[in-house]
Amino acid sequence: METYPWWNEKQEKLAEEARKFADESLPRGEEIAWTKEFPADLLKAVAEKGWFGALIPEAYGGVDAGVTGCCIVAEELSRICSALVGAYSVTMFGGVEQLLKFGDEEQRKRWLPQVVKGMLGAICITEPSIGSDAAGIETTAKLEGNEYVLNGKKRFITNAGVADIYCVYAKTSDRREDRAKYRHLSAFIVEKGMPGFTVERINELGGWIGLPNGFLSFDDARVPVENRLGAEGDGWKVLVDGLNFERNLFAAGMLGPMREAIKYAVGHAQRRLQFNRPTIDFEVNQFKIADMFARLQTARLLTYHSARLMDMKTEAVMEATSAKLYASEAYERLVIDAQQVMGGDGWTRFYPLETFVRDAKVNQLGAGTSEVMRMVLFRQGLRAMRDELKMPHRHMHPKLGIPISTMKPAVVAEVNEKTLLEMLAEDYLVNPGLYMSKGDMKEKLAGVSDEKLDELLTSLEAKGFIKLYKDRRGNIALAKATYKGLKEAKPPEYYQWFPEWMNKDHLF
Ligand SMILES: Cc1cc2nc3c(=O)[nH]c(=O)nc-3n(C[C@H](O)[C@H](O)[C@H](O)COP(=O)(O)OP(=O)(O)OC[C@H]3O[C@@H](n4cnc5c(N)ncnc54)[C@H](O)[C@@H]3O)c2cc1C
């Protein structure tokens, strides 16, 4: 696959080598789809290449290729098998990222060089009763001397059992004020073998073959204070901060199967003859393949754009969330289309397509569901584009007689019930089905205070001239003139306008 013009030499070299490794390892990946083995041998090879250190600075033995480098590795590993990219990526966002951002020097020195050598990590947020609502974590951590005592259960934990370090989020405060400020959680690195920490169960999944996923139990598990990441109460900060990276890397891990699926769909359609023609000659198949290219290009570009922003130390919330959401939906559509292009063969297990189809769905669940992605995008998008999203004022064009936008509203100099009602009448002309927002009113009513405006609006409502809408806090948010108010504000001619081409005989 193409490299991007902004990649540095190190990243380009990484892409070339990782691609070669993936090409050579594809047969082993296919075996795993049948044997369900954990790909320990492949992970060992990845560690030997130094790629576990893609994100890790050279000071700790890494290659320091940034989020971009990490995504490059994940993309190529994801071509081989989901268990491989899953174990790799979870290690990156289940320890490495948190240690780099929140770990102290001693913690980094202790664990990062081991990760470079291939030690696996895990991220432990989800619990039996806690999924999307991560702030509701029930696992507790109580400080006793120099140790925290953890009690609770985690579930859906990828790398359960195979990981040596587990980035665990637990509740350290029940105080209402701490909960309100999201200061109730703390993050810990819990190590395999610590007393009271056990793997409770391994789940059978519908995909991600060969990747252990399970329940963890903390039964008076004793974790030294030195294993806490950040200060007590920083847990939510650590958790949220890691999510953007996690989502970005998740997106990168979908690009490999998308590329492989296209390869199989095209290769199959070039070799399959129906009605004496290769099936690739049928436009319906060509269009599906064209859409596959567009989906791959878009998902890939979003992923590496977001990675680049993170490497530039930008939060990239919108970009990482969009990349994860888009890639997961594009991936699913793409593999389903690839199956269709391949006909019945696409649904057999003769080709790896079938495993991609099984894996596609989980990307819309793990690392935050698509609904959660949309919630983040909605809120963040409104905030990020606040200035651009400002609705223009509108006024009647004197000649055309139609509403025209303007950023500079005509200001009403004298503010009283009459001028306010007239303003709402004008708003009926230019935005006939809408209420007028209080913010828009204030821009037009020079210098009016909230109290004064509320008083005038309340009085007009009491007279039946306007209708108000109050927000959840009971504050006036929107207003519109009623029919009675429109009549009171202006004569009927004010509201009338007919285009010149209208036959006047038809008007009454
Ligand atoms: C294969 C796999 C691997 C995983 N690996 C890990 C891991 O390594 N570590 C870890 O901590 N977790 C892991 N998870 C857990 C994963 O992050 C959660 O499954 C995910 O956050 C959703 O939680 P849930 O499954 O409990 O769904 P729920 O939160 O119960 O949601 C059910 C449905 O309701 C919707 N919903 C929930 N709340 C809202 C809302 N406020 N508004 C609108 N819709 C809403 C959801 O989008 C979803 O469609 C993994 C999950 C899977 C399936």
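I began with a term I needed: two strands pair if DSSP finds at least two bridges between them. I also noted that this is a predicted model.

**Entry 1: a hairpin**

I looked up strands β14 and β15, which span residues 466-470 and 476-481. I found that they pair in the antiparallel sense, over five bridges. Picking out one bridge, I saw that Leu468 has Ala479 of β15 as its partner. Together β14 and β15 make a hairpin, with five residues between them. In the turn I stopped at Gly474, whose phi is positive, about 90 degrees.

**Entry 2: two helices**

Next I turned to helix α3 (residues 66-80) and helix α4 (residues 82-102). How do they lie against each other? Their axes come within 6 Å and cross at roughly 155 degrees. Angles over 145 count as roughly antiparallel, so I wrote down α3 and α4 as roughly antiparallel to each other. On the α3 side of the contact I listed residues including Cys70, Val73 and Leu77; on the α4 side, Leu84, Tyr88 and Met92 are among them. Sorting this contact by class gave me nine nonpolar residues, three polar and no charged ones.

**Entry 3: domains**

I then noted four domains: domain 1 (1-119), domain 2 (121-233), domain 3 (240-389) and domain 4 (396-506). I checked the first pair and found 24 Å between the C-alpha centres of domain 1 and domain 2. Their contact takes 23 residues from domain 1 and 19 from domain 2. Which element gives the most on the domain 1 side? I met α4 again here: it gives the most, with twelve residues. By class, I counted that side as 14 nonpolar, seven polar and two charged residues.

Conventions:
Residues numbered from 1 in each chain as written. Predicted model: local features only at pLDDT ≥ 70, side-chain atom pairs only at ≥ 80, totals over all residues. Axes fitted to C-alpha atoms, helices over the stretch in contact; angles between N-to-C directions. Helix = DSSP H or I, 4+ residues; strand = E, 2+ residues; numbered from the N terminus. Parallel < 35°, antiparallel > 145°, perpendicular 65-115°, else oblique. Contact = placed C-beta atoms within 7 Å. Nonpolar A, V, L, I, M, F, W, Y, C, P; charged D, E, K, R; others polar. Domains from an automatic or database assignment.
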